[in-house]
Amino acid sequence: MQLSEQPAEASLSPPDPVCRRESLPAGPDQAALGDFLQGARIRTSDGRILGWVGDGGFPYDEATVLLARLGVATGWPETARLSSVIAGQVARQGWLGRDGLGYVFDSALVLGLPGEHGPLRDRVLVALRAGRALMGQDNRDRWSQRFGPHLIKAAAEAGEPRVVEHLVEATYRGGRFYVAPGSSETYLHSHCYAVEGLVALGGYEAVVREALDWLVERQHADGSWPAWVGRADARRPSDVVAQAVRLFRGVDVERYQRAIELGLGRLRAMQSPSGGLRYTPGSEHVNVWASIFAADALSRRAGERHRFV
């Protein structure tokens, strides 16, 4: 697709930075990261946010709502505009998603934005209670289309602790969340989402600690993590690094200090000249959701357990 260079409005220069400054081990340049997330290159003409900048980048509802949630957490003035774009998507489709599919996870993220979301919450709850990852459609093979642990975060957003309990029982063993009931594989992006949901909900401190310790044991010396455990996949994506760093900072900085330092170093190495983060080393694609996670990690004060973006 042709990427739009035209901002949704004439000005994209809010007075407050997306990333709060705080004394941290050397990580990515926060000012450059904030400029990337506030810039026109990641926006389409209808105001939505791209999944990544580069060939194949597409308007991505999840990235749009994630950036709006970051704005809520940091007091960024553009949040209202993004929330309006999201409200329009929900009004037209009844959900958020992509390729004609409504994703329960993406839709549940809207519930963390200001406003009245009763009808959407009801639809999310119906799907979660039915064991569905998709809105009104059968589950499919892709990890995000299966009823798996990433939906713990969705259930926490929707206020449905029984679904959280069921997913923990069905997918958690030995410090790791398996990608779906009966699976032998762990997708670390999904694992982190599950832990984020448990931290937000509370009451699962032992599971959270075990799951974070499990992450530390699998961190590479360069600060990266594998995309999968139990599946052959050589990628070491930046989104997992940013998610892990923000979890470590939110839960126990002292316990996870070394892992945080290594992770911040990895994020610094993944930062592109545009300020955003590459998804994998050497990639020409600059990933927007990984950049949002990194901004959340850097703006989060030590021990700050407010809702994870």
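**Helix α1 and the α8–α10 pair**

Asp29 caps the N-terminal end of helix α1. One of its side-chain oxygens lies 3.0 Å from the backbone nitrogen of Ala31. The model described here is predicted.

Helix α1 spans residues 30–38. Its buried residues are Gln30, Leu33, Gly34, Phe36, Leu37 and Gln38. These buried residues pack against two helices and two strands: α2 (61–74) and α12 (288–299), together with β1 (52–53) and β9 (286–287).

A second element of the packing involves helix α8 (residues 188–201) and helix α10 (residues 238–251). Their axes come within 9 Å. The crossing angle is roughly 25°. Angles under 35 degrees count as roughly parallel; α8 and α10 are therefore roughly parallel to each other. The crossing of α8 and α10 is left-handed.

On the α8 side, the contact is made by Leu188, His189, Cys192, Tyr193, Val195, Glu196 and Val199. They meet Asp239, Val240, Gln243, Ala244, Arg246, Leu247 and Val251 in α10. Nine residues of this α8–α10 contact are nonpolar, two are polar and three are charged.

The protein as a whole contains 12 helices and nine strands. It has 309 residues, of which 61% count as buried. Contacts between residues at least 6 apart in sequence were also examined across the protein. Of these, 64% join residues at least 24 apart.

Methods
Residues numbered from 1 in each chain as written. Predicted model: local features only at pLDDT ≥ 70, side-chain atom pairs only at ≥ 80, totals over all residues. Heavy atoms only, no water. Buried < 20%, exposed > 50% of the residue type's maximum accessible area, 1.4 Å probe, protein only. Helix = DSSP H or I, 4+ residues; strand = E, 2+ residues; numbered from the N terminus. Contact = heavy atoms within 4.5 Å. Polar contact = N/O pair within 3.5 Å; in protein donor to acceptor, adjacent residues only side chain to side chain. Axes fitted to C-alpha atoms, helices over the stretch in contact; angles between N-to-C directions. Parallel < 35°, antiparallel > 145°, perpendicular 65-115°, else oblique. Left-handed = near helix turned anticlockwise from the far one by under 90°. Nonpolar A, V, L, I, M, F, W, Y, C, P; charged D, E, K, R; others polar.
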